[in-house]
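Reader: I am new to this structure and would be grateful for a close look at a single part of it. Please describe the surroundings of one residue with care, and then go on to whatever helps to place it.

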Amino acid sequence: MRIFLIESNVPDPASSAVHVVASEIVRLIVAAGHSITLQIIFDMSRHDGVTEGEQVRLERLQQMGVEVLPPLFTSEVVAKGPRRQRVEFLRQLFLTDALFPAVAFRDELERRIARARPEVVFIHASPEGLAASAGIHAVPKFALGGTMDHYPTEARLKFPALFDIPSTSLKERAVILFHKLVNARRKRIHFRMIRDCTAVAIA
């Protein structure tokens with residue numbers, strides 16, 4: 001089987017849990033005799049290309065027979081420069097790319113999937129992969145994820161005192177209300193992207 005694997009991290013057996021799980025997924029798929037095309041879509045925290053250590057690991061994956069595509073960096077599709085706070089607030093309330101900027105990769109990802117001709121797309125622990133693949137239905141999509149991004153924010157906003165979030169003044173309460181509205185929208189969009197998949201599992 002030809003599998004198009006989307007990750008937000010470079011698989012690494014000696015790093016944090018999500019990297020280790022990704023590494024095991026690749027190892028087990030290859031050991032079972034299937035082929036992998038690996039697409040990494042880095043999150044907003046990454047700006048400067050892959051590190052030397054990541055490049056070594058990617059080369060090792062290639063030696064295992066994995067086709068490694070050029071990584072995509074979500075930070076590259078986000079507008080640079082200062083933006084007025086009110087404008088950013090409105091963008092988060094009404095524009096999907098303000099909350100899930102990786103949607104900008106949809107057309108490029110669709111082209112890469114078409115060239116790879118996989119039998120299934122497997123999205124592992126990658127909100128960026130969910131966003132970028134939304135609306136792509138040429139092949140079945142399976143997603144495996146962990147804690148969804150909106151849950152931690154939901155908890156902090158529900159119990160602001162526990163997280164030292166100011167909530168005394170009218171302005172502070174208004175800010176919390178705004179963030180609750182944005183987070184509720186994030187949740188709706190995330191679930192819509194999940195429903196766009198053929199099958200989903202939460203670990």
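Author: P11 counts as buried, because its relative accessibility is 3%, under the 20% that marks the limit for that term. The model is a predicted one, and the values that follow are computed from it. In the chain, P11 belongs to the loop that runs between strand 1 (2-7) and helix 1 (17-31). Leaving aside residues up to four places away in sequence, P11 touches H19, A22, S23, V26, L38, I40, R57 and L61. One of these contacts, I40, is 29 residues from P11 in sequence, while the C-alpha atoms of the two are 9.5 Å apart in space.

Helix 2 (residues 52-63) offers a second buried position, E54. With a relative accessibility of 9%, E54 counts as buried, again because the value is under 20%. Its contacts, not counting residues up to four places away in sequence, are V10, F42 and R46. Two of these contacts are also related to each other: the charged end of R46 sits over the ring of F42, at 4.2 Å from the ring centre.

Aromatic rings deserve a separate word. A pair of such rings is described by two quantities, the distance of the centres and the angle of the planes. A search of the whole structure finds 2 aromatic pairs. One of them is formed by F122 and F142, with 5.3 Å from centre to centre and 45° between the planes, and this pair is tilted. F122 is part of strand 5 (residues 120-124) and F142 is part of strand 6 (residues 141-145), so the pair ties together parts that are 20 residues apart in sequence. The two partners differ in their exposure: F122 counts as buried because its relative accessibility is 11%, whereas F142, at 30%, counts as partly exposed.

A further group of residues is found on the surface. There F159, L162 and F163 form a nonpolar patch, and together they have about 330 Å² of accessible area. Within this patch, F163 lies in the loop between helix 7 (150-158) and helix 8 (170-195). F163 counts as partly exposed, because its relative accessibility is 41%, a value between the 20% limit for buried and the 50% limit for exposed residues. P11 and F163 thus both lie in loops, yet P11 is buried and F163 is partly exposed.

Note on methods
Residues numbered from 1 in each chain as written. Predicted model: local features only at pLDDT ≥ 70, side-chain atom pairs only at ≥ 80, totals over all residues. Heavy atoms only, no water. Helix = DSSP H or I, 4+ residues; strand = E, 2+ residues; numbered from the N terminus. Buried < 20%, exposed > 50% of the residue type's maximum accessible area, 1.4 Å probe, protein only. Contact = heavy atoms within 4.5 Å. Patch = residues over 30% accessible without salt bridge, like charges linked within 9 Å, V, L, I, M, F, W, Y side chains within 5 Å. Areas by Shrake-Rupley, 256 points an atom, 1.4 Å probe, with all protein chains shown as cover. Salt bridge = Lys/Arg side-chain N within 4 Å of Asp/Glu carboxyl O. Phe/Tyr/Trp six-rings, centres within 6.5 Å; stacked < 30°, edge-to-face > 60°. Lys NZ or Arg CZ within 6 Å of the ring centre and 35° of its normal.
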